[in-house]
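Trainee: I'd like to practise reading a structure by asking you why things get the labels they get. Could you show me one to start with?

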Amino acid sequence: MTSEPFDRTVDRRAFLARAAALATASAVGATVGLPSVALASSSLSTNTGPGTRRRPLDQPNAYTEPRPAALAEPTELTIAEAGWLIRAGRLTPEQLVEAYLARISRYDGSYQAFNLVLADAAIAAARAAARRPRDGVLHGIPLAIKDNYYTEGVPTTANSFLFQDFVPPYDATAVARLKASGAIVLGKTQMGPLATTRATTPAGVVTTVNAWAPTNRGIDPGGSSTGTATAVAGRMATSGIGTQTGGSITAPSNAQNLTGLKPTMGRVSAAGIIPLTYTRDHPGPLARDAKDAAIMLTAMAGEDSMDPRSQGLPQVPDLIDAASPVYHRRRVKLRWNTRIGVLPGFADGTSPTALARAAYLAQLAAIPGATLVDVPLPDEWSLLTGSTFNNARLPERTEPFMPYLRTDLRGFGVSVTSWLQGALLGGNEFITTQRAKLLLMDRVLNELFDGCDVVVQTDPVPFDILGLPEIAFPIGATAAGLPIGTILGGLPYAEDRLLSVVAAYQAATDWHLRRPADPPTDAGARGAAPAQELRLTAEEVAELSQ
C-alpha cells in the first residue's frame, strides 16, 4: 500500500479561519488578505513554488493504451487514450478535431449543446499543434467550454441578455491554462441563463437535451453546465469545463453518465468567469472517467494572482497518479486505505436509484483497502443545509448586478426572480447565515469526517456551501436506460483521495464506458428548430436556480 496522500494534513482551524475571512471579503468587497491554509505535515508535497505541479502532463500515468472500440472511432477516445495515439504518431490533432466537428455538424441540431462552434479556429489550432513539440497529454485534445468562461475575442454571453454582445479581451485563467497545456477549444456551450438552471434561452425556452434522451426535452440533462455535459456525453468533445455553485457540475454529470469533479474552493482560479456567488463558484471538469478528470484538473489548478481565493493553498497533489488504478495480483485495490462514510438511509428502498446505490456500496466494499463505515449526520443538519441558510447565496449573486437591476430588469430574462430575492435580503440575514455556515463547517470537519476519509452524498448543496470537493460518477442505469450517478465528498484539498476511490471503482465496473445511442438526424442541421418546445416559467426558474 502506498503512503497516505495527505494524512489528514489540512489544519482544520486554518481552513475555518479562511472560510470566515472569505465570507467577510464577500461582504465588504475585499480582494486580498485571505489567510493561508497550513498543513499538519509538509513532507508530502514535492512542489517547489506557487502554481507548480508535482509532475508534468506527460508523465507515464497520463497515457492509456486505447480500447479496441476507441481505436475504431476517434470520438470514443478518452483524453488519456487520444494522448497515447497522438504521442505514438497514430493520430493527429487535426484528425481528432475533424472527427468531432463532423459529429457536431451531424447531431448538434438535435442536441443543441453548443451556442458557438469555432470550427475554423479549432482546425487552425490543430494544424499549429502538429508543427510544435507536444505539450503533454492534452496536446491537440478538443474541449467544450461553458459560456461563462471568458474566451479572448470570442463572445461570452453566460446565455443572457445582459452579456449578449460581450467579447472579452482575454481568456479566463482556466481556459488559458488548458490552452497552454495544448488543448483546443471547439466552441462555447449552452448553459442555464447566468448559470442558474438547465440550459434554456434567456426567455426560458429549453434548448439543450440530455444526450441519453435526445427526443424528450422533459428529461432533465442537469444544469447549469448542461451544454458541456451533453457535448461530452454525445461525443462532440473529448472533455469540457463547467462551473458549480449548487450542483452545476455534479448534476449534469450524474444525469449524463460522466465523471464530474468539483474541486475545493480556490483550487481552480475563477478569474475571468462571469460570477454567480463569490464564496461558492467552483470551476471544474466534466469528463468521461476519473483519469480524464484528473488530467483536466491538473492543467486548470494552481495559484493565480488574479484570484485571491486561489492563493495560499496547499500545493496541487499528484492527481494523475491518484486516478491511476493500482493492482495486486491482477486485482484492483485502493491506492490508500480509505474509510468510506455511508450516511443514514443512503441505499434504503427498492427504487432503481436505491438498488444501484446498494450495488455500488457492495462493489466498493469488495475492493481491498476500502472500509465502509456508517456515519451519522451532524446535529441540525437539515436546518443548517436547508433553504433558509442556503439562500445566503442570493445577496452575493445580486451585489455585482445591482447596476443592471436598477436600469432594466428585462435584461435578466426568466431568471430575474432570484436576483430580486437577493436584493430584498437584509444584512442581518446575511451575517446570520455566514455564522451558520461556519458552524456547519466545524461540524462537518470535526464530526462527520471524524470517522471517515470520504463520504457519500445525496445532495451537492451542503458541500457547495462549504467549498469542499466532490466528485460525481455513474453507478447504474434505470430500466429505461437512463444513467444513475452518485457523489462522493472529501476533505479540503483532498481531490486525490476522491479520484483514487473512483478510479478503483471504475476499474472494477464498466458504467463509465457506456455511451448513448446517436440521436435521430431528422432535426436537420445545427441550429434547426426543436421538434417540441418546453418553457420554464419565472417561478420554476426561481425554484430550480443553482
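Trainee: Which charged end sits over the ring of Trp419?

Mentor: That's the charged end of Arg397, 5.1 Å from the ring's centre. Keep in mind that this is a predicted model.

Trainee: What makes 5.1 Å good enough to say that it sits over the ring?

Mentor: The distance cut-off is 6 Å from the ring centre, and the charge must also lie within 35 degrees of the ring normal. Arg397 is listed as sitting over Trp419, with 5.1 Å to the centre. There's another case: the charged end of Arg87 sits over the ring of Tyr63, 3.9 Å from its centre.

Trainee: Why is Trp419 called buried?

Mentor: Buried means under 20% relative accessible area. Trp419 has 0%, so it is buried.

Trainee: Which aromatic pair does Phe401 form with Tyr404, and why is it called tilted?

Mentor: Their ring centres are 6.0 Å apart, and the cut-off for a pair is 6.5 Å. The planes meet at 45°, which is neither under 30 nor over 60 degrees, so the pair is tilted.

Trainee: And how do you know that Phe401 and Trp419 are edge-to-face?

Mentor: Look at the angle: 85° between the planes, with the centres 5.8 Å apart. Over 60 degrees counts as edge-to-face, so that's the label. The pair also links distant parts of the chain, 18 residues apart: Phe401 is in the loop between α14 and α15, while Trp419 is in helix α16.

Trainee: Phe401 and Tyr404: buried or partly exposed?

Mentor: Phe401 has a relative accessible area of 3%, so it is buried. Tyr404 comes in at 32%, so it counts as partly exposed.

Trainee: Which residues form one aromatic cluster?

Mentor: Phe401, Tyr404 and Trp419 are in it, along with Tyr150, Phe163, Phe166, Tyr170 and Phe412. The count of aromatic pairs comes to 14.

Trainee: What makes you call α9 mostly covered?

Mentor: Eleven of its eleven residues are buried. Among them are Lys291 and Asp292. At the start of α9, a side-chain oxygen of Asp289 reaches to within 3.3 Å of the backbone nitrogen of Lys291. After the helix comes Gly302, with a positive phi near 130°.

Trainee: Which residues touch the most other members of the largest nonpolar core?

Mentor: Leu138, Tyr149, Leu178, Tyr360, Val444, Leu488 and Leu499, out of 140 residues. Helix α9 gives the most to this core, with eight residues.

Trainee: What lines the second largest cavity?

Mentor: There are 14 lining residues, and Phe15, Ala19, Leu22, Met265 and Leu466 lie nearest the centre. The largest share, four residues, comes from α1. This cavity has a volume of about 140 Å³, and the structure holds seven cavities of 30 Å³ or more.

Trainee: Where is the cis peptide bond with omega near 5°?

Mentor: From Gly223 to Ser224. Ser224 is found in the loop between β3 and α7.

Trainee: Which residue in that loop has a positive phi of about 65° although it is not a glycine?

Mentor: Ala195. With a relative accessible area of 8%, Ala195 is buried, because the limit is under 20%.

Trainee: Why is Arg330 called exposed?

Mentor: The bar is over 50%, and Arg330 has a relative accessible area of 84%, so it is exposed. Its phi is positive too, near 70°, and Arg330 is in the loop between β7 and β8.

Definitions and conventions. Residues are numbered from 1 along each chain as its sequence is written. This is a predicted model: local features need pLDDT of at least 70, side-chain atom pairs count only at pLDDT 80 or more; totals for chains, interfaces and linings use all residues. Side-chain values use heavy atoms; hydrogens and water are left out. A nonpolar core is a set of buried Ala, Val, Leu, Ile, Met, Phe, Trp, Tyr and Cys residues joined through side-chain atoms within 4.5 Å. Buried means under 20% relative accessible area, exposed over 50%, partly exposed in between (1.4 Å probe, protein chains only). Helices (H or I, at least four residues) and strands (E, at least two) are DSSP runs, numbered from the N terminus. A polar contact is a pair of N or O atoms within 3.5 Å; within protein, one must be able to donate a hydrogen and the other to accept it, and residues adjacent in sequence count only if both atoms are side-chain atoms. On a 1 Å grid over the protein atoms alone, a cavity is a set of points where a 1.4 Å probe fits but cannot get out, and a pocket is an open set with protein on both sides within 12 Å along at least five of seven lines; lining residues have an atom within 4 Å of a point. Grid points are joined across faces, edges and corners, and a volume is the space filled by probe spheres set on the points.
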